[in-house]
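Let's take a friendly look at the empty spaces in a protein model, and then at how two of its helices pack. Have a look at the picture before reading on.

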Amino acid sequence: CGVMTTVGGLGHTLPYAIPSTWPNAFGVATALAILVVVVELLAIAAIRTRYMATPFWRAALQVVLGGALVLLAGIAIGSA
């Protein structure tokens, strides 16, 4: 569990290690991070479907809503 948490945390932060000499490095890193988060959320929904007998679309909705709440909390904390 700890290893997967580490991999998940690194997955969407590593794109920001792109050198700033790249054209539009921040935009590229953000696009890659968004892509990684989408893949992570789909993987979580698939795991919930496989091992928790939750229909895929329900699991996806729950995971996306949970992700949106985390995003809003991050925005609120970051702007404080």
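## The largest pocket

Start with the largest pocket, which has a volume of about 420 Å³. Keep in mind that you're looking at a predicted model. Rolling a probe the size of a water molecule over the atoms shows where empty space is left.

Who lines this pocket? Its walls are built from Val37, Val38, Glu40, Leu41, Ile44, Gln62, Val63, Val64, Gly67, Ala68, Val70 and Leu71. Two helices, α2 (25–52) and α3 (56–78), each put in at least two residues. The largest share of this lining comes from α3, with seven residues. If you sort the lining by class, you get nine nonpolar residues, two polar ones and one charged one.

## The second largest pocket

Next up is the second largest pocket, at about 240 Å³ in volume. You'll find Met4, Thr5, Val7, Gly8, Gly9, His12, Glu40, Ala43, Ile44 and Ile47 around it. Here the elements giving two or more residues are α1 (2–11) and α2. Which element gives the most to this lining? That's α1, with five residues.

As for the mix of classes, the lining of the second largest pocket has five nonpolar residues, four polar and one charged. Try finding Glu40 and Ile44 in your view: they line the largest pocket, and they also turn up in the lining of the second largest one.

## How α2 and α3 pack

Two packed helices are described by the angle between their axes and the distance between the axes. For α2 and α3, the angle is about 135 degrees and the axes lie 8 Å apart. That makes α2 oblique to α3. The two helices cross in a right-handed way.

So who touches whom? On the α2 side there are Leu41, Leu42, Ile44, Ala45, Ala46, Arg48 and Thr49, and they meet Phe56, Ala59, Ala60, Gln62 and Val63 of α3. By class, this contact has nine nonpolar residues, two polar and one charged. Some names here should ring a bell: Leu41, Ile44, Gln62 and Val63 take part in this contact, and they line the largest pocket as well.

Note on methods. Residues numbered from 1 in each chain as written. Predicted model: local features only at pLDDT ≥ 70, side-chain atom pairs only at ≥ 80, totals over all residues. Heavy atoms only, no water. 1 Å grid on protein atoms, 1.4 Å probe; cavity = no way out; pocket = protein on both sides within 12 Å on 5 of 7 lines; lining within 4 Å. Points joined across faces, edges and corners; volume = space filled by probe spheres on them. Helix = DSSP H or I, 4+ residues; strand = E, 2+ residues; numbered from the N terminus. Nonpolar A, V, L, I, M, F, W, Y, C, P; charged D, E, K, R; others polar. Axes fitted to C-alpha atoms, helices over the stretch in contact; angles between N-to-C directions. Parallel < 35°, antiparallel > 145°, perpendicular 65-115°, else oblique. Left-handed = near helix turned anticlockwise from the far one by under 90°. Contact = heavy atoms within 4.5 Å.
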